[in-house]
Amino acid sequence: MDEEEQKKVIDLVKELVHRLISQNPQNPNFENSLRYALRILSSRLTPSIAPDASAIAESIKRRLATQGNSSDALTFSDLFSKFSSKTGPGSVNNKWALLYSLKIISDDRKGSKAVVNSSSLLPNLPLNDSQFTNHLNGKENRKLGCRNNGVLLVNKDPENLREIAFREFKNIVKEENEVSEEVLVRDVLYCCQGIDGKYVKFDATIDGYVLSDLVKVPRATRVMVRKLCELGWLFRKVKGYISDCMDGFPAEDSGTVGQAFCAALQDELSEYYKLLAVLEAQAMNPIPLVSESANSGNYLSLRRLSVWFAEPMVKMRLMAVLVDKCRILRGGAMAGAIHLHAQHGDPLVHEFMTRLLKRVCSPLFEMVRSWVLEGELEDIFAEFFVVSQPVKAESLWREGYRLHAGMLPSFISQSLAQRILRTGKSINFLRVCCDDRGWADAATEAATAAGTTTRRGGLGYGETNALESLVIEAAKRIDKHLLDVMYTRYKFKEHCLAIKRYLLLGQGDFVQYLMDIVGPELSEPANTISSFKLAGLLESAIRSSNAQYDDPDILDRLRVKLMPHGSGDRGWDVFSLEYDANAPLDTLFTESVMARYLRIFNFLWKLRRVEHALIGAWKTMKPNCITSHSFNKLQQAVKLQLLSTLRRCQVLWDEMNHFVTNLQYYIMFEVLEVSWSNFSNEMEVARDLDDLLAAHEKYLYSIFEKSLLGERSQSLCKSLFNLFDLILQFRSHADRLYEGIHELQARTMETSLSSRDKSKARRQTNDTSSEPGSWLSDGRKALTQRASEFLRNMGQELDAIASEYTSLLEGFLAQLPVQQHVDLKFLLFRLDFTEFYSRLHPNV
């Protein structure tokens, strides 16, 4: 014990001795008594019984019960349980000693009239001070009530000194207090019910209950009244919030969660009212003075009221804080805000908040249960974290439902919320788009597997693990059922394969036959083409190829589509195929998705058209189309010029064919087939419709990027289309060249025929000879001159096409290495696997 604490102990002992002997501190008897008391306290004497706090408490309780004070015994038992449970700073460590002292004091007071048994007192302590011993043996010894064993006793005070002191104290209290403590207690109890008392009233200017300054009371009393009235101010705030919510119901600002919150607060106030009723009953008893003992256990003073209000004050403060926090919140946001206050280390606060949250979150958990197991969104006040909006059936999955982050309570994680959203969305998708009812059995199985029930009230706050288990089981079963419906009933895989075969031109015999029969029609101006005729040609192509063995439902969805066209467009520029995907397939094959498929089709169709044009040019250039002996009569220079032009045309055709063949191989195999293989694997492992959508989106994106149609490949795609246009231009020049050669061949053969055969040949070529500038109307010299001029012009045009082709190809190849997609770099390797272009154009 340090010096300061020792000084405090001595002061307390002085005060105790002074109160016991009622003497002046300057009296020598006081000094002797003080020395004797300190000597007793500093001794090592111990009681003769074992230090057992529970045994002492049981003895006191048994004595009270035997004396007929059952209520006092119950009160003591309750107080002792609270006293023994207190631990930590500020608590009493030696509880047994305190109880033993109180018991001895009580026994001493009750036995003061009887003869004191010396055996029950402390043993005699020898005194060194002879003067003090003589004084104890004198007259003053009898006045102070000291016994022969050296123990100081306080008798009944035969001269009534204590009664006189208490009367004087009572008079002083009356002079200092204009209002009695009983009246102030009743006013405080009124204020705690939101009612103004006689002296304590609510002041709107300071927003609180105050004791009027005109009332004369001690400052300590005024401070205590203000502290106790804080409970009334808190009650007023909570009660006002409940009244506002009840008056505003069923307004949208309140909602079911808000109503549950108000009901929970009302239940807590009901318990608060019960406490006030007990306190009001005790307040009817008068407050005894220190000298009085009647009804000492049932009266209610301001200090006792502060003890009674300790626990309600904590709860009321929490409720007031929650009211301020939740005044502008509703739904899941309100439940989340209340949940944050439940994270508290105080067991009392934690228990109170948990009890409150079970009531508040009950509507929210019911919404989750109804949404996950039934797909019903019972949210008329917009309190749930899942929000719906009216959309068309094809947009139900993508846009019909979404998460409202502001209404997501903090005790539900983002991943769990996403799973809750998807589960209910799957049920609605099956019900609305697929017209399926099999999800109900899956939901029942999920509830059974999770160990919960499908009835209302099966989930509540604090059962997050049970909620998560229910959602996981429901999502697993309902998503599996949804994928089974999409794969089996609506044949999603078969439709994807059909799109690959027809829109992505994977069915080779069908595409080749279609291009052969629609080619002449598509060479006409776009405004003269009939879509009905093209539809008939499409049907012919289907029946003439292996496509005829496909499912009729798939073939019926394939249609001809003519895109918007301008005045100079040809049929090749506007022709396309489309695939009709109705509900629920239109959830995956949306308008934007089909527009991307259309872009891919147009690219592949133009690539096939270029390939078809080169094949047609090759058929024209076959060796048996030209007989070299027919030009024996031409001049040697013209023959050399002819052979040079033919060779130049053949070489240019070979270069173009090499480029188109390798590009087509890259597109058909390294792009389409690889992407389809990856897509098929991802379809097999997809767990829900979102996974299926993501896999299809990845498949389409892969084709788009690898086919040079992405945003990052626009310049490369433009260069490629310029190459395609140049190859088609080459085809027209090749056709003109070989038409001219055939005409020259016919003219030279005509000169070697007899006149009779000549006339016959002229009649056969009447249409050609009638054209202005025809070679057949001229002589041999003119024929040679015209042939030389024609071949020279064609050679120049072919040189110009070859030069432009080389320039465009060089620019195209130069852009491939800088592309971000790695597969485009492999395209460069295929086009230049012999390093021909690298040696020819080192700058590339």
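A salt bridge here is a side-chain nitrogen of Lys or Arg within 4 Å of a carboxyl oxygen of Asp or Glu. Keep that handy for the exercises below, and remember that the model is predicted.

**Exercise 1. Lys 491 and its partner**

Work out which residue pairs with Lys 491 in a salt bridge, and where the two sit.

*Solution.* Start with the distance: the side chains of Asp 551 and Lys 491 come to 3.4 Å, N to O, and that counts as a salt bridge because the cut-off is 4 Å. Next, place the partners. Asp 551 is in the loop between helix 24 (531-543) and helix 25 (552-556), while Lys 491 is in the loop between helix 21 and helix 22, so the pair links distant parts of the chain, 60 residues apart. Then check the cover: Asp 551 is partly exposed at 28% relative accessibility, and Lys 491 is partly exposed too, at 37%. Finally, look at the backbone. Lys 491 isn't a glycine, yet its phi is positive, about 50°. Most residues other than glycine have a negative phi.

**Exercise 2. Into helix 22**

Decide how well helix 22 is covered, and find the salt bridge that Arg 501 makes.

*Solution.* Helix 22 spans residues 492-502, and eight of its 11 residues are buried, so call the helix mostly covered. Charged side chains turn up in that buried set, including Lys 500 and Arg 501. Now for the partner: Arg 501 forms a salt bridge with Asp 550, with the closest N and O atoms 3.0 Å apart. Asp 550 belongs to the loop between helix 24 and helix 25, and this pair spans 49 residues. At 17% relative accessible area, Asp 550 is buried, because the limit is under 20%.

**Exercise 3. The second largest pocket**

Describe the lining of the second largest pocket, then find a salt bridge between residues nearest its centre.

*Solution.* First, the volume: about 380 Å³. There are 17 lining residues, and those nearest the centre are Arg 422, Lys 476, Asp 479, Arg 687 and Asp 688. Helix 19 (414-432), helix 21 and helix 28 (636-685) each give two or more residues, with helix 21 supplying the largest share, eight. By class you get nine charged, six nonpolar and two polar residues.

Now pick out the pair. Arg 422 and Asp 479 form a salt bridge, with N and O atoms 3.1 Å apart at the closest. Arg 422 comes from helix 19 and Asp 479 from helix 21, so the bridge ties together parts that are 57 residues apart in sequence. Both ends are covered: Arg 422 is buried at 15% relative accessibility, and Asp 479 is buried at 2%.

**Exercise 4. The second largest cavity**

Find what lines the second largest cavity, and sort the residues by class.

*Solution.* The count is three cavities of 30 Å³ or more, and the second largest holds about 50 Å³. Its lining consists of Glu 705, Arg 712, Ser 713, Gln 819, Gln 820, His 821 and Leu 824. Sorted by class, that makes four polar, two charged and one nonpolar. Leu 824 is the nonpolar residue, and Glu 705 and Arg 712 are the charged ones.

**Exercise 5. Backbone oddities**

Locate a cis peptide bond and another positive phi.

*Solution.* The cis bond runs from Ala 583 to Pro 584, with omega near 0°. Pro 584 lies in the loop between strand 6 (575-579) and helix 27 (591-620). For the phi, go to Asp 207, where the value is near 55°. Asp 207 sits in the loop between strand 1 (200-203) and strand 2 (208-211), and counts as partly exposed at 42% relative accessibility.

Technical notes:
Residues are numbered from 1 along each chain as its sequence is written. This is a predicted model: local features need pLDDT of at least 70, side-chain atom pairs count only at pLDDT 80 or more; totals for chains, interfaces and linings use all residues. Side-chain values use heavy atoms; hydrogens and water are left out. On a 1 Å grid over the protein atoms alone, a cavity is a set of points where a 1.4 Å probe fits but cannot get out, and a pocket is an open set with protein on both sides within 12 Å along at least five of seven lines; lining residues have an atom within 4 Å of a point. Grid points are joined across faces, edges and corners, and a volume is the space filled by probe spheres set on the points. Buried means under 20% relative accessible area, exposed over 50%, partly exposed in between (1.4 Å probe, protein chains only). Helices (H or I, at least four residues) and strands (E, at least two) are DSSP runs, numbered from the N terminus.
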